[in-house]
Amino acid sequence: MPETTMVPPPPEEVRFLDVHAVAQLLSCSRRHVYRLADADLMPRPRKLGVLARWDRQELENWFDSGCPVVEG
């Protein structure tokens with residue numbers, strides 16, 4: 001069985017999170033994060049060049065409001 005490693009959450013001062021950090025915050029897989037965003041079930045990432053990044057404050061507001069469906 002492969003050994004799992006615990007990755008610490010990103011520091012609070014990091015504003016934009018990559019899919020790895022979002023998956024860790026939501027306790028789900030990276031693929032599931034993309035599925036949620038594609039289905040407008042969570043905030044969509046912002047594109048920074050070719051990179052997809054989620055705004056930490058936007059995610060926290062979404063989570064604090066009960067994870068409502070996001071209006072596309």
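A residue counts as buried when its relative accessible area is under 20%. In this predicted model, tryptophan 54 has a relative accessible area of 1% and is therefore buried. This residue makes a convenient starting point for a walk through the structure, from the interior to the surface.

Tryptophan 54 belongs to the largest nonpolar core, a set of 12 residues. Its companions there are Leu17, Val19, Ala21, Val22, Ala23, Val33, Leu36, Ala37, Met42, Leu59 and Trp62. Three helices, H1 (19–26), H2 and H3 (56–64), each give two or more residues to this core. The largest share comes from H1, which supplies four residues. Such an arrangement can be set beside a broader tendency: in soluble globular proteins, nonpolar side chains tend to be buried together. Leucine 59, another member of the core, offers a closer look at the packing. When neighbours within four places in sequence are left aside, leucine 59 is in contact with Leu17, Val22, Met42, Pro43 and Trp54.

Tryptophan 54 also takes part in an aromatic pair, and a search of the whole structure finds one such pair. The partner is tyrosine 34, with the two ring centres lying 5.9 Å apart. The ring planes meet at 55°; because planes under 30 degrees apart count as stacked and those over 60 as edge-to-face, this pair is classed as tilted. Distant parts of the chain are linked in this way, since tyrosine 34 sits in helix H2 (residues 30–38) and tryptophan 54 in strand S3, 20 residues apart. The two partners can also be compared by their exposure: tryptophan 54 is buried at 1%, whereas tyrosine 34 is partly exposed, with a relative accessibility of 30%.

Turning to charged side chains, the search of the whole structure finds five salt bridges. One of them joins aspartate 55 to arginine 15, with 2.8 Å between the closest N and O atoms. Aspartate 55 is in strand S3, while arginine 15 is in the segment before strand S1 (16–17); the pair thus links distant parts of the chain, 40 residues apart. Aspartate 55 has a relative accessible area of 5% and is buried, but arginine 15 is exposed at 51%.

A further salt bridge connects arginine 46 and glutamate 58, whose closest N and O atoms are 3.1 Å apart. Arginine 46 belongs to strand S2 (residues 46–48) and glutamate 58 to helix H3, so this bridge ties together parts that are 12 residues apart in sequence. Both ends reach the solvent-accessible surface in part: arginine 46 is partly exposed at 40%, and glutamate 58 is partly exposed at 30%. Elsewhere, Asp38, Asp40 and Arg44 are joined into one network by salt bridges that share partners. Within this network, the side chains of arginine 44 and aspartate 40 meet at 3.2 Å, N to O. Arginine 44 is partly exposed, with a relative accessibility of 42%, and aspartate 40 is likewise partly exposed, at 21%.

Finally, the surface carries a nonpolar patch formed by Phe16, Leu48, Val50 and Leu51. Together these four residues have about 370 Å² of accessible area. Leucine 51, one of the four, is found in strand S3 (residues 51–55) and is partly exposed, with a relative accessible area of 40%. Strand S3 therefore holds both the partly exposed leucine 51 and the buried aspartate 55, as well as the buried tryptophan 54.

Terms used: Residues numbered from 1 in each chain as written. Predicted model: local features only at pLDDT ≥ 70, side-chain atom pairs only at ≥ 80, totals over all residues. Heavy atoms only, no water. Patch = residues over 30% accessible without salt bridge, like charges linked within 9 Å, V, L, I, M, F, W, Y side chains within 5 Å. Areas by Shrake-Rupley, 256 points an atom, 1.4 Å probe, with all protein chains shown as cover. Buried < 20%, exposed > 50% of the residue type's maximum accessible area, 1.4 Å probe, protein only. Phe/Tyr/Trp six-rings, centres within 6.5 Å; stacked < 30°, edge-to-face > 60°. Core = buried A, V, L, I, M, F, W, Y, C linked by side-chain atoms within 4.5 Å. Contact = heavy atoms within 4.5 Å.
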